[in-house]
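Reader: I am new to reading structures. Could you take me through one part closely, and then show me what else is worth a look?

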Amino acid sequence: MLADLPLLSLVIWTPIIGGLLVLFFGKDEQAPLARIIALAVSVLTFLLTIPLWTGFDNSTYQMQFVEYASWIPTFNINYHLGIDGISMPLILLTAFSTVLVVIAGWEVIKYKPAQYMAAFLIMNGLMIGVFCALDSILFYVLWEAMLIPMFLIIGIWGGERRVYATIKFFLYTFLGSVFMLVALIYMYTQSGSFGILDMQNMPLGMTEQILIFLAFLIAFAVKVPMWPVHTWLPDAHVEAPTGGSVILAAIMLKMGTYGFVRFSLPITPDASMKLDWLMITLSLIAVVYIAFVALVQKDMKKLIAYSSISHMGFVTLGFFMIFAIMENTGSTQGMGMAIEGALVQMISHGFISGAMFLCVGVMYDRMHSRQIADYGGVANTMPIFASFMVLFAMANAGLPGTSGFVGEFMVILAAFKANFWIAFLAATTLIFGAAYTLWMVKRVIFGEVANDNVAALKDVNKREFFVLGVLAVAVLALGLWPAPLSDVMHATVDHLIEQVMHSKL
Amino acid sequence: MENVYLTIVLAPLIGAIVAGLFGKQIGRSGAHWVTITGVAVSFVMSVLVFKDVIFDGAAVYNQAVYTWMVSDGIRFEIGFLIDSLTAIMIVVVTFVSLMVHIYTIGYMRDDPGYQRFFCYISLFTFSMLMLVMSNNFLQLFFGWEAVGLVSYLLIGFWYKRETAIYANLKAFLVNRVGDFGFILGIAAVLMYFNSLDYQDVFDAAPALAGLTIEIIPGSEWSLMTVIGILLFIGAMGKSAQVPLHVWLPDSMEGPTPISALIHAATMVTAGIFMVARMSPIYELTETALSFILVIGAITALFMGLLGIIQNDIKRVIAYSTLSQLGYMTVALGVSAYSAGIFHLMTHAAFKALLFLAAGSVIIAMHHEQDIRKMGGLKKYMPITYWCMLIGSLALIGFPGFSGFFSKDAIIEAVHASQIPGAGFAYFAVVLGVFITAFYTFRMFFLVFHGKERMDEHTREHLQESPRVVTWPLLALAVPSVVAGAFFIEPMLFAGMFGDAIYVKPEHDVLAQLGEHYTGIGGFLVHGVMAPPFLLAMAGVATAAFFYLRRPDIPAMIKDRLSLVYKVLENNYGFDAFNDSFFAGGSRKLGRLLSNVGDTKLIDGLLVNGTAKSVGWISSKIRYVQTGYLYHYAFAMIVGLLALISLAVSF
C-alpha cells in the first residue's frame, strides 16, 4: 500500500506544508503548541522516509519511487522525482537531522520559536527535494530556495556578527550557483531537455565539457566548501544558532558533493578526467592545510567548522581520484571503494558534525561562550556530557568502531591505488584530525574546574541526553556495521563508474 | 567452538558496558563483581582453548563472525583465527587482566571513579582480545586503535591533573603517528593482495616476493620491504620503539594497575605480537628485518640507560619496559619470533608483578613515588619485598627465573644471526644486561634496604598491603619463576607454534640453538658460565656497592659527568625536539595559514577585497547620477547627436 503512495512528494511537501501550518501559531503565547506541531511534522516526515529504505531495491541502479508530471511544458520543465543508492541515504539523514534539530531547539529558542521551527521544517522539505529532483530546473529552484530559510535562521537567530555572516554566506553561494544555471541552460539549448538523466546521456565535446565542468565546479565547490572558497563557512557557523549549524554541517555541505556525483562526473566525464589533478590537489589542500588552520582556532565552532572542511576534502578526494586509480593500476578495481568511501563519509560526517555542533550548543546555552579559553574541566561538573563529547571527538578523529573511521579508511585504502603520496597526505588526517579535536577536548573537558561559571554548570537534561544519545547510537552502529549502508550504494556506484569510464567524445 | 571464542571476547565487554552505563545503580561492589566475573569467565575459557590447541592439537580455527562491509567485491570481515600463537596471547592477556582486576579493588578503594575504572579495564581486555584473536588486518586495526583509546582514557583517568591530560594526549598522538604508517601498510596489502584476510595474504605473499614498486621516482623498493616497514612503524608506536617511545614514560601518570596491565604486560606488546603474526611477510624481506633489529637494539640499550637516572619508582620500571620491548623487537629482527613471544610471555608476568608490587609500595607510602624518600621497607612489607625480589631477579635474567630463559634465548639467537645489524644488536643486548641489573637493583636497594628516608608520619603508618593486593602478587610470582623453565622447550625448540609462525630455513637461528640444546639443565649450566650472567651479577654488585655502601659515589659521578647526566635526564632531547619542532611547529604553521592564508589573503584580498572594489567603483560611478535635470538633458542631447551622426555616416 505504501508503495502506491507518491512517497517522495509526501516527504517533500509534508514538512513544507507543516512548516506553513506552524507559522499560523506564530504568536509567542502559542509557542508550546507550535513546538508540538513542529515535532509531530518532523517525526512524521522521518517516518515517511523509512519506507524509502525498506522498500528500496538494492539490485538496480535505476531511479526508484519515480514521479513525473509536466510543470512548464513550454520549456520542457518537469516535476520529475526519483532516488537511487546515492540520494536515498541522504534523504533519511536530512529528515533524521531535522527531528533532532527541532528537539534541540525546544526551550532554547525563546525569540519567535514558531518561526524558527517553521524555517527548519520548510528547509527540510526543500533539501529533500534537492536530493530527489531529476529535472535540473526543479533542482536549481529548490537549491536556491533552500538558501532563504538558512539565510533567515542565521540572520534572525544568529550571533553578533550575523549580518556580515549571512551576506557573505548568501552572496558566496548565490554567485556560485548562477554559473550552474548558465551551464544548465546551455545544455538545454543543445539537447532540448532539462532532465538530469538526459544530460548524463547527451554527447558533449571536450571544450564544452570543460566549460560546463568549471561552471559546476564553482557552484559546488562553494557549497562543499572546497579550498579556497571556504571562508564563508566558519563565519556562518560561528554566527548561526546551534540548529542552523547542525543543518548547515550535516546536510547543506553534502549538497555540493552530491552535485559532483549527480552532475559533474556523469555529465562531463572527460573533463573530470582531464581536470582530476585540480580536484585532487584542492581536496588534499583541504585535508592538510585546513587541518593546520583548525589546530589553532580559539573558537570551538570555528574549529569544528574547519574540521568539517577538512573531512569534506575526503569526499571530493574519493570522487575524483578514481581516474588516477585507473591510470595507475589499469583496472577499475578500487574505484568503487573510493566513491563508496566518499559517500559513506558524507553520511557519517552528517552524524558527527551535527553531534559536535550540538555539543557546543549544549555548552553555549549554559555559558554563552564559544571560546575554548573560557572553559576547562567541564568533566567535573558535566560527566555525562563529557562522555558524549569524548565519544564524538573520537569519532571526529576517525576512531575505528565509529562511523568516522569507515569513510576515511576506504578512501585511504583506495588512494594507495591511485598514488602512494596521495594516500600519504590523506592519511595525515589520522594525526592532525586527532590533534585538533583532542587538544580541544583536553582544554575544554579535562583539567581542574577553570572558573566559577564552569563550577556552576549543570549536566545534560533528559532532552539533551536523548538527542546526543540517538546520535551516539547512530555513530556507533554505522561504525560497527556499515554493511547496510554500503550495500544500498553498490549498484548505483557501479553504474556511475560505467558512465564515467564511457567517454562522451 | 565459535561460541567459546565469542564468550571469551564478549564476557569482558558485557562487564564493561554494565559497569560503565549502570555504575551508579550497581554500586562499587557491583561494578567489580560484574567485571571480574566477566574476565574470569574469559580466563577460564582461554585456558580451555589453550589446552585444546596446545595439548590436544586442535585444528586451527579460522572463520568470520560477520561481514562488516563489502566494497568493490572485497569482503571486510570480523572473524577469529585461533592457533597456538593466539592461544598463548589470550591466556597471557586474560590472566594478567584478571590479576589486575582483583588488585584494583584494593588499589582504587577510595577513588571516586571506581566504577569507571573497572569499565575501562574490562573494555581494554575486550579490545586486546579482539586484537590478538583477529584473522584479518581490519579487525587488527580495530583492536589496535581500541586499545589506544582505552590507554588514552586510562592515562587521563585522573583528568584533573594537568600532567595526566598532557600525557594522554601525547600518548594518543604519538600512537597515531605509528598508526599513520600502519594504515598505509594495510592499504599496500589491500592494493597488492586484494584481501585483508591473513590467510589469503600469507598464501599469496611468496609469489609477490620479487615485486618492486616505485615510491620515489627512480628508486625501486621491494614491495615486502615497504609493507614490512610501514606495518612496523605502527608497531613502533604501540610497542614504544625509538623514536616513538616518548609517550610511554609519561603514561605512568595513569593509575598503577593500568601501568601493569596496559603499559607493561599487554598493550605495548601488541606490536611484537603483530610482527610475529606477520612472519610470513617479514621473512620475505631482510631489509625490514634489519631495520627492526637495529631499532630494537637502540631501544634496548639506550632506554635502559635512562632507567639508571630515574627517581620515580614507576618510571624506573617504565624504562625497563622500554628496554625489554627492545629485546623482544631484537628477537623479531633476527627471525627468532618464538623467542620474542616467549619473552613477551615471561615479561608479562614479571613486569606486571613488578608494577603491582610497586603499586603496593606506593599505597604504603601514601602515594609517594620518589625512591630517594624510601628505604628499609623490607621489614614493614615482607610479602611485597619477596614478590619484588622475584620480579627483579626475573627481570635481570637470574638463572632459573623465567626471564633468564627468555632473555638468554634472545641473546643467543642474536649471536647466531647473520643478518646485517646483528653485530651491533649483540653488543647492545649484552651490555643491556648489565644496565638492566644495575638500575633494577638500584631501585630495589633504595626502596627496601638501607636507611629509612621517609618522614616520621609516613613511617608510622607503614604496613603490608591488604590481601586483595598481595594475592595477585603471589599469583603473578609463580609464573615469574617457573614459566621460563616450563615453556622454553616446547616454545622454542619443539615447534609448539607449528604453522602459526613461519621462518625461512636460512634465517632459522633457533634451529641452530636447538641443535645444541640438551635440556633445561644444560641451558642453565651454559647460562651460568656465559658473559650475560656475569654482567648481570656485576650490575647487581655495583648497585649494592653504590647505593648500600657508598652513596657518595653516585653523587660524585653525577657531578663529574654532569653533561652525560643532563643528556639522560632530558631523554636525549627527544621531548624537547618534539615539543618545539612538531607541536610548536604545527601550531606556528597553523597560525600562519590561518592568519595569512585565510584571513589576509583569501578573506582580506579576495572576498572582502572584491566587495570593497565593488563598493569603490560604485562610489565613483555614483557621481554620474547627479540628480540635476540639466546634466541629464545635456547627456541626452550629446547621445542623440552621436546616434544621428552615426546613422548619417553609414
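Author: Here is a close look at one helix pair, followed by a chain contact and a single helix.

The model is predicted. Start in chain A with helix α5, residues 136-145, and helix α7, residues 162-191. These two helices pack together, and their axes lie 11 Å apart. The angle between them is about 170°. Angles over 145 degrees count as roughly antiparallel, so α5(A) is roughly antiparallel to α7(A).

Which residues make this contact? From α5(A) come Ser136(A), Tyr140(A), Trp143(A) and Glu144(A). From α7(A) come Ser177(A), Met180(A), Leu181(A) and Leu184(A). By type, the residues of this contact are 5 nonpolar, 2 polar and 1 charged.

Now turn to where chain A touches chain B. Chain A puts 42 residues into that contact, and chain B puts in 41. Several helices of chain A supply at least two residues each, among them α13 (276-295), α16 (335-367) and α24 (483-501). Helix α21 (429-444) of chain A is also one of these suppliers. What does α21(A) give? It gives 7 residues, the most to this side of chain A. The side of chain A that touches chain B divides into 29 nonpolar, 9 polar and 4 charged residues.

Last, look at helix α14 of chain A, residues 300-320. It has 21 residues. From first C-alpha to last, α14(A) reaches 31 Å. That is close to the 30 Å expected at 1.5 Å a residue. Is α14(A) mostly covered or exposed? Mostly covered: 21 of its 21 residues are buried.

Conventions
Residues are numbered from 1 along each chain as its sequence is written. Chains are lettered from A and ligands numbered from 1 in the order in which they are written. This is a predicted model: local features need pLDDT of at least 70, side-chain atom pairs count only at pLDDT 80 or more; totals for chains, interfaces and linings use all residues. Axes are lines fitted to C-alpha atoms, for helices over the stretch in contact, and angles run from 0 to 180 degrees between N-to-C directions. Helices (H or I, at least four residues) and strands (E, at least two) are DSSP runs, numbered from the N terminus. Angles under 35 degrees count as roughly parallel, over 145 as roughly antiparallel, 65 to 115 as roughly perpendicular and the rest as oblique. Two residues are in contact if their C-beta atoms, placed from the backbone, lie within 7 Å. Ala, Val, Leu, Ile, Met, Phe, Trp, Tyr, Cys and Pro count as nonpolar, Asp, Glu, Lys and Arg as charged, and the others, Gly among them, as polar. The expected span of a helix is 1.5 Å times one less than its number of residues. A residue is buried if 20 or more other C-beta atoms lie within 10 Å of its own, exposed if 12 or fewer, and partly exposed in between; C-beta atoms are placed from the backbone.
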